[in-house]
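User: I want to learn how to read a strand and its surroundings in a model. Where do we start?

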Amino acid sequence: MSAAKLPGPGPGGPCSSGPSGPGGPCSSGPGPSGAGPASGCAPGCASGCASGSVAGLAPMDEQALCQRFDKVLARIAQAAEKAGRNPKEIGLVAVSKFHPAAAVAALARHWQNRAANEGLPRPCFGENYLQEAVEKQAEVAALLAAQGCAHLPEWHFTGHLQSNKAKALTGRFSLLHTLDSEKLARILHKNQVEWCVGQPLPVPFPVLIQVNIGDEGQKSGVNPAALPSLARAVMQLPGLELRGLMCLPPDAGEAEAVRPYFAALRRLRDDLQQALGLALPCLSMGMSGDLETAVQEGSTLLRVGTDIFGPRPVL
């Protein structure tokens, strides 16, 4: 099935008005209130979604999911306050890999209702595997339509992307977090130009460069020393827009132990901005166990999975 026949990312996608989502420089964020209701799911409203459980998910499971999400928003708001930052600067990507479409749709509905009631940005989900993501996007769209939800969520691709599968990415995601080579950049550029044919100029697809900040052989990402060269190569491709950097720090066990890696990525971003004369507003760093540390070190995109969806299902 072609990309054009599947539900795309909606507003904010590759061929729409812009790359930044409505909640800040990069994507959906928790907004100024952050905490919101701590129990149950937000009620439906005129610009949100209808009430009632999403098909395929037990009401108790849906309630627990919504409560976990609310707690994560509260943590982000509290971390921002302690760091002297505006919560609107901090985006949230709910990483939904391996979790069923019913759970994603239920959270999207709750998130959208909170957005309508509280002025929060729209829901944003991250996926790591293209085949799973494509199928899930279609299922989520159908479930939300059945619930009367007028807006589709935003989708980010947060996993390693093989160049031979890059074609399937086009038109389905509003941000790639894991660009790590000039070869992949050129393929994405070509795909984007073809996707936007008929427009005066290609609307650039937003990307982040993944940096192997811990110099780990088993992880993807560009070496920090090679970062300026790759960034300059991306800047020469009109089908892409470089928005910032992403990292997966070494698994240190303690949140405080990853602070040096987050700080190093921030310094790399700052130096790169100065060298290129280009604003790079996005720093994608921080997950369930270390999001407070990431906020303190300047993260603008948090990728949270377990603390929202719970443990990954056993496959």
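Analyst: Start with a cut-off: a residue is buried if its relative accessible area is under 20%. Keep in mind that this model is predicted. In the protein chain, 54% of the 315 residues are buried.

User: What are the two faces of strand β3 like, covered or open?

Analyst: In a regular strand, side chains alternate between the two faces of the sheet. Now take β3, residues 154-157. E154 and H156 lie on one side, W155 and F157 on the other. These four are all buried, so by the under 20% cut-off both faces are covered.

User: Which strands pair with β3, and in what sense?

Analyst: Strand β2, residues 124-127, pairs with β3 in the parallel sense over 4 bridges. There, E127 stands opposite F157. Strand β4, residues 175-179, also runs parallel to β3, joined by 2 bridges. L175 in β4 is the bridge partner of H156.

User: How does the chain get from β2 to β3?

Analyst: The path goes through helix α3, residues 130-146. This β-α-β crossover is right-handed. The whole chain has 8 helices and 8 strands.

User: And what is the volume of the largest pocket, and which residues are closest to its centre?

Analyst: The volume is about 770 Å³. The lining has 33 residues, and K97, L248, M287, R303 and R312 are the closest to the centre. By class, the lining divides into 15 polar, 11 nonpolar and 7 charged residues.

User: What share of the contacts is long in sequence terms?

Analyst: Count contacts between residues at least 6 apart in sequence: 74% of them join residues at least 24 apart.

Key: Residues are numbered from 1 along each chain as its sequence is written. This is a predicted model: local features need pLDDT of at least 70, side-chain atom pairs count only at pLDDT 80 or more; totals for chains, interfaces and linings use all residues. Side-chain values use heavy atoms; hydrogens and water are left out. On a 1 Å grid over the protein atoms alone, a cavity is a set of points where a 1.4 Å probe fits but cannot get out, and a pocket is an open set with protein on both sides within 12 Å along at least five of seven lines; lining residues have an atom within 4 Å of a point. Grid points are joined across faces, edges and corners, and a volume is the space filled by probe spheres set on the points. Ala, Val, Leu, Ile, Met, Phe, Trp, Tyr, Cys and Pro count as nonpolar, Asp, Glu, Lys and Arg as charged, and the others, Gly among them, as polar. Buried means under 20% relative accessible area, exposed over 50%, partly exposed in between (1.4 Å probe, protein chains only). Two strands pair if DSSP finds at least two bridges between them. A crossover is right-handed if, with the strands pointing away from the viewer, the path from the first strand over the helix to the second runs clockwise. Contact means heavy atoms within 4.5 Å.
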